[in-house]
Amino acid sequence: MTERKRTRPELADFLRTKRQSISPETVGLPNTRRRRTPGLRREEVAALSGVGLTWYTWLEQGRDIGVSSQFLDSLATALRLNSAERQHLYLLSHMREPTETGITEHEVPETILRILSDFPQEYLCYVLNLHWDVLAYNQKADAYFHFSDFSVENRNYLYLLFMDPRYKTRIDDWENIAERLLASFRRDHARTKNDPNIRKLIATLNCSSPEFKRMWEKHEIYPPCDGVRILNFENRKEHYDYTSLAFDLEKYNRILVYIPKKA
């Protein structure tokens, strides 16, 4: 089975989900009562993209057809995709191969470990790879997220986010934050989803977490999450500026840093 054929089912699900999420009014079409399915019809997406209905239908059905970058750009516009979703569309269609191999790293360079230890003690920081495995962390991050409670094999941030009930109370507005983090994870998933460990992780979460299954089926894609995080700790709310610092662009390893907000 070729790489392209392996990715087509997810491409089909992604296109169908996005098509059904767009209301006709959004693209200037009348919303008649005769519509039997939510969102746009296939023929409407085809017309908006400037392509024949049969061609678009084949693509959404997951058939192994070639598509031009011009068509993908038109389709991204028709489906109102954001920049992260547009990149995801290209990756799934294999029109633009990513420069990375999809193989991630499980070792943290000594320099990064030194940086981690040199951060101020009030900072909360940890290292993730492309799979979102937690490779290293400082003492405060462990106190808040309980990384050391889990074996190396299960010390995956996505797994802990949905499977450790303490995260639902530790992270303020957990539902919204978890959904945004999962949508951000899907970008990395497109690069490494044929890895057996990732397939096992997704299968486990789909079976074990109704929240994960519901959010995963939305097919939402977001850019990396920055901004403010509110953590609940010892009966108080703590506000942090939150960002991601990539130190290995090829392997997508990064340091996550929470900096206490100034009063």
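Which helix is Lys140 found in? I looked it up in this predicted model: Lys140 sits in helix 7, which covers residues 139-145.

**Lys140, charge.** Next I asked whether Lys140 is buried or exposed. Lys140 turned out to be buried, and I found no salt bridge for it. Glu238 is the nearest side chain of opposite charge, and it is 4.6 Å away. A salt bridge has to fall within 4 Å, so Glu238 doesn't count as a partner.

**Lys140, neighbours.** I did find a polar contact, side chain to side chain, between Lys140 and Tyr240 at 3.0 Å. Leaving out residues up to four places away in sequence, I listed what Lys140 touches: Gln121, Glu122, Tyr123, Leu124, Tyr240 and Pro260.

**Cores.** I then went for the largest nonpolar core and got 36 residues. Tyr126, Phe145, Tyr157 and Phe162 have the most contacts inside it. Apart from that one, I noted another core of 23 residues, with Tyr56, Leu79, Leu81 and Leu92 among them.

**Tyr157.** I pulled up its contacts, again skipping residues up to four places away in sequence. Tyr157 touches Tyr126, Leu128, Trp132, Val134, Phe145, Phe147, Tyr167, Ile171, Leu181 and Tyr258.

**Whole chain.** I logged 12 helices and five strands for the protein chain. It has 263 residues, and 47% of them count as buried. Of the contacts with a separation of 6 or more, 57% join residues 24 or more positions apart. For the accessible surface I wrote down about 13,700 Å², with 50% of that belonging to carbon and sulfur atoms.

Terms used. Residues numbered from 1 in each chain as written. Predicted model: local features only at pLDDT ≥ 70, side-chain atom pairs only at ≥ 80, totals over all residues. Heavy atoms only, no water. Core = buried A, V, L, I, M, F, W, Y, C linked by side-chain atoms within 4.5 Å. Buried < 20%, exposed > 50% of the residue type's maximum accessible area, 1.4 Å probe, protein only. Contact = heavy atoms within 4.5 Å. Helix = DSSP H or I, 4+ residues; strand = E, 2+ residues; numbered from the N terminus. Lys, Arg positive; Asp, Glu negative; His and termini not counted. Polar contact = N/O pair within 3.5 Å; in protein donor to acceptor, adjacent residues only side chain to side chain. Areas by Shrake-Rupley, 256 points an atom, 1.4 Å probe, with all protein chains shown as cover.
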